[in-house]
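Q: I should like to learn how strand pairing and a ligand shell are read from a structure. Could we work through an example together?

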Amino acid sequence: MQLVICQMEEDDLEQVIHIEKESFRCPWSLSSFQSEMGVNKYSYYIVAKKKADNLVVGYTGTWILFEEAHITTLAVHPDFRQKGIAAILLEHLLSKFRNVGVTYIFLEVRSSNYSAQKLYEKYSFAIAGKRKRYYDDEDAIIMVKHF
Ligand SMILES: CC(C)(COP(=O)(O)OP(=O)(O)OC[C@H]1O[C@@H](n2cnc3c(N)ncnc32)[C@H](O)[C@@H]1OP(=O)(O)O)[C@@H](O)C(=O)NCCC(=O)NCCS
């Protein structure tokens, strides 16, 4: 499957919200994405689209604050998982981070989210701590990667 990676646009949000609802117990609202894209000058959000039909199959977002980056979200459409799409999105972010001088990246992941933790471990993120009850019903594991 050929993919195109591009910055998230307003027109993508209907499909993004669909994936968001399929992927997370507490999905972000439309207005959360809109404010990330419009108001937050530190944010960088991208989507992966199938080249054949422009279908959004995954997305990720980050805040880049000088030498620090915080990955805020990453999800792949359930029908397109385990095909390397998250890896492509993450590699795109890592390349962007290198280009703008980021030296370390961190993120929170549910302590039960084995597949996401495996993904980040594959890209040399290490467990750096825990945030108790970061999610209403569960702790978050903090993972960090240094360049
Ligand atoms: C986590 C998620 C983004 C992975 O997306 P994906 O496109 O299926 O992942 P990829 O196919 O690119 O896999 C890359 C690596 O991730 C890990 N991985 C992905 N799915 C996995 C699974 N079900 N079990 C174990 N490891 C998994 C593996 O290390 C894999 O590398 P490998 O294929 O060499 O084993 C996807 O499952 C998802 O959207 N989940 C719901 C939302 C979510 O949890 N987001 C993360 C928030 S922190």
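Q: Which residue stands opposite Trp 63 in S4?

A: In this predicted model, the partner of Trp 63 is His 70 of S4. The pair belongs to a wider ladder: strand S3 (residues 56-65) and strand S4 (residues 68-76) are antiparallel and are joined by eight bridges.

Q: How many residues lie between the strands in the hairpin of S3 and S4, and which residue takes a positive phi?

A: The hairpin has two residues between its strands, and Phe 66 adopts a positive phi near 60°.

Q: How many bridges join S4 to S5, and do the strands run parallel or antiparallel?

A: Strands count as paired if DSSP finds at least two bridges between them. Here four bridges link S4 to strand S5 (residues 104-110), and the two run parallel. Across this pairing, Ala 69 faces Ile 105 in S5.

Q: Which helix joins S4 and S5 in a β-α-β unit, and is the unit right-handed or left-handed?

A: The helix is H3 (residues 85-100); together with S4 and S5 it forms a right-handed β-α-β unit.

Q: How many residues surround the ligand, and which are the closest?

A: A residue is assigned to the shell if its C-beta atom, placed from the backbone, lies within 6 Å of the ligand. The shell holds 18 residues, the closest being Arg 81, Ala 86, Ser 115, Lys 118 and Leu 119. S4, H3 and helix H4 (114-122) each supply two or more residues, and H4 gives the largest share, five residues.

Q: How do the residues of the shell divide into nonpolar, polar and charged?

A: Nine are nonpolar, five polar and four charged.

Conventions
Residues numbered from 1 in each chain as written. Predicted model: local features only at pLDDT ≥ 70, side-chain atom pairs only at ≥ 80, totals over all residues. Right-handed = clockwise from strand over helix to strand, strands pointing away. Nonpolar A, V, L, I, M, F, W, Y, C, P; charged D, E, K, R; others polar.
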